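Student: I should like to go through this structure by asking what justifies each term applied to it. Could we set the values against the definitions as we go?

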Amino acid sequence: MNNFKYKNPTKILFGKGEIQNLSKEIPANAKILMLYGGGSIKRNGIYEQVTEALKGYKIVEFGGIPANPEYEILLQAIDIIKKEQLDYILAVGGGSVIDGAKFISAGVKYEGKEPWDLLAKREPIQDALPMATVLTLPATGSEMNSGAVVSRRATKEKLAFGSPLLYPQVSVLDPGVVASLPKRQLANGIVDAFMHTMEQYMTYPAGGYLQDRFAEGILQTLKAVAAKVLENPQDYEAASNFMWSCTMALNGLIAQGVPTDWGVHAIGHELTALFGIDHAQTLSIVAPAYYQHCFEHKKEKLAQYAERVWGVNKGTTEEKARKGIAQTEAFFQSLGIATKLSAYTDNYEGVAEKVAQRFANRGWLGLGEHRNITPDDVITILKNTYKK
Ligand code: NZQ
Ligand code: ZN
């Protein structure tokens with residue numbers, strides 16, 4: 001096992017009715033920017049619960065953060081914080097609103113010329129406003145991690161950044177919010193958390209027995225609750241297991257001491273940037289082709305995964321590993337998610353080369369746990385996603 005230092009400072013309030021305890025966590029004199037998305041919180045009662053819980057606080061609202069939070073809109077929120085002299089951010093939403101909040105919290109303190117440089121040039125984050133979240137969509141883990149992904153429509157870019165200063169101080173996880181989620185978002189959440197786990201697990205056997213079991217436990221739990229959550233999002237037991245699995249999949253714990261490979265996400269983000277395809281849908285498109293391409297490096301772990309998560313007990317290492325990939329793709333399809341690019345766009349010709357060129361321009365010359373997946377490999381992988 002590799003050495004590691006691990007600290008996750010986010011306090012979690014988990015369960016029914018926990019929103020009402022927000023005022024015990026946010027300083028009474030905080031001047032809050034409350035961020036939300038396109039309005040789902042006004043239709044499902046979460047808005048009332050939050051504003052009721054925070055009666056007496058100075059709150060300025062900022063709605064309209066779109067899915068894949070948009071840079072230009074986040075800049076407007078930064079202006080409001082400066083103008084109104086606010087000092088605390090509350091994100092009420094899914095990954096997009098929470099990621100947007102993280103960017104705003106760093107951006108408002110950024111002293112350089114263009115806050116986009118926090119992403120494009122990876123300028124270091126020196127300071128950030130404190131923030132809390134009320135999670136409304138289990139998926140990204142952003143509620144308990146220090147990363148964020150921001151999009152810029154004008155240049156069709158989507159870039160990630162992070163800093164230990166960006167952990168939310170507190171996050172409320174009330175599984176009751178799952179009840180109002182449409183099937184598409186439920187399926188997306190299951191796939192996103194599944195793939196977060198895979199990206200920190202699907203490398204090679206590295207002697208992290210407990211990390212492997214944690215990861216397999218999350219994968220098995222997601223598999224066990226997926227159909228229940230989709231059929232009946234009001235099933236509280238299924239919703240709470242779904243929600244906690246999503247948070248645990250990307251709060252840093254399962255990656256400690258073991259190699260990781262975020263290649264599927266890196267390629268998937270480009271498909272969102274170029275075509276606007278939902279984040280989890282891009283992962284479903286890329287993952288099967290990626291694992292086929294990296295088969296030789298990953299076959300031992302793929303076989304372990306097939307055995308422990310899908311119960312594939314017969315066959316050689318190679319046969320089990322291939323079944324593991326097939327089971328993964330079938331699982332995504334069983335949730336109603338198409339796994340080929342042609343299901344989402346007709347304009348896929350040339351995309352492989354375009355994405356590879358972007359990676360080369362950014363100096364991303366070696367993805368994968370061995371840093372050996374080159375832009376040319378990315379071309380092959382993406383071409384295999386086009387159609388059956
Ligand atoms: O905007 P509203 O009206 O709120 O509707 C949202 C949105 O349309 C809706 N929704 C959310 N909660 C709801 C609800 N509808 C009904 N009832 C509720 N309780 O769902 C839609 C999607 O929301 P969004 O926040 O975009 O989804 P998600 O949580 O999947 O976040 C996706 C973003 O997170 C990034 C992705 O790239 C993408 O930009 N990621 C962030 C990560 C991180 N910070 O660690 C890691 C991930 O890999 C991912 O890249
Ligand atoms: Zn993801």
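Student: How do you know that H8 lies across S1, S5 and S8?

Tutor: The word rests on contact, meaning heavy atoms within 4.5 Å, and H8 lies across these three strands while running at about 170 degrees to S1. Axes are lines fitted to C-alpha atoms, for helices over the stretch in contact, and angles run from 0 to 180 degrees between N-to-C directions. Helices (H or I, at least four residues) and strands (E, at least two) are DSSP runs, numbered from the N terminus. Likewise, helix H4 (residues 95-107) lies across S2, S4 and S5, at about 165 degrees to S4.

Student: On what kind of model do these values rest?

Tutor: The model is predicted, and local features need pLDDT of at least 70, side-chain atom pairs count only at pLDDT 80 or more, while totals for chains, interfaces and linings use all residues. Residues are numbered from 1 along each chain as its sequence is written, chains are lettered from A and ligands numbered from 1 in the order in which they are written, and side-chain values use heavy atoms, with hydrogens and water left out.

Student: What makes the six strands an open sheet?

Tutor: Two strands pair if DSSP finds at least two bridges between them. The order is S1-S8-S5-S4-S2-S3, with parallel pairing, and the edge strands S1 and S3 each pair on one side only. Neighbouring strands of this sheet are turned by 20 degrees against each other on average, direction ignored.

Student: How many bridges join S5 to strand S8 (residues 170-173)?

Tutor: Three bridges join them, and the two strands run parallel; against a threshold of at least two bridges, S5 and S8 therefore count as paired. The bridge partner of Val134 is Val172 in S8, and that of Ala132 is Val170. On S5's pairing with strand S4 (residues 88-93), there are five parallel bridges, and Leu90 stands opposite Ala132. Strand S1 (residues 11-14) pairs with S8 over four parallel bridges, with Ile12 opposite Ser171. Strand S2 (residues 31-36) and S3 pair in the parallel sense over five bridges, where Leu35 has Phe62 as its partner in S3.

Student: Why is strand S5 (residues 131-135) called mostly covered?

Tutor: Buried means under 20% relative accessible area, exposed over 50%, and partly exposed in between (1.4 Å probe, protein chains only). Five of the five residues of S5 are buried. In a regular strand the side chains alternate between the two faces of the sheet. Met131, Thr133 and Leu135 are buried on one side of S5, and Ala132 and Val134 on the other. In S8, Val170 and Val172 point one way and Ser171 and Leu173 the other, and all are buried.

Student: Why is Gly63 called partly exposed?

Tutor: The relative accessible area of Gly63 is 33%, which lies between the limits for buried and exposed, so the middle class applies. Gly63 belongs to the loop between strand S3 (58-62) and helix H3 (71-84). Not counting residues up to four places away in sequence, Gly63 touches Tyr36 and Gly37.

Student: What makes Asp192, His196, His265 and His279 donors of the zinc ion (ligand 2)?

Tutor: Donors are N, O and S atoms within 2.8 Å of the metal (3.2 Å for Na, K and Ca); water is not among the atoms, so sites may look incomplete. Asp192 (OD), His196 (NE2), His265 (NE2) and His279 (NE2) lie 2.0 to 2.1 Å from the zinc ion, so these atoms meet the criterion. Their spacing in sequence is D-x3-H-x68-H-x13-H. Asp192 lies in helix H6 (residues 183-199) and His265 in helix H9 (residues 263-275), so the pair ties together parts that are 73 residues apart in sequence. Both Asp192 and His265 are buried.

Student: What describes the packing of helix H7 (residues 209-231) and helix H8 (residues 236-249)?

Tutor: Two packed helices are described by the angle between their axes and the distance between the axes. For H7 and H8 the angle is about 145 degrees and the axes are 9 Å apart. The residues of this contact comprise nine nonpolar, three polar and one charged, where Ala, Val, Leu, Ile, Met, Phe, Trp, Tyr, Cys and Pro count as nonpolar, Asp, Glu, Lys and Arg as charged, and the others, Gly among them, as polar.
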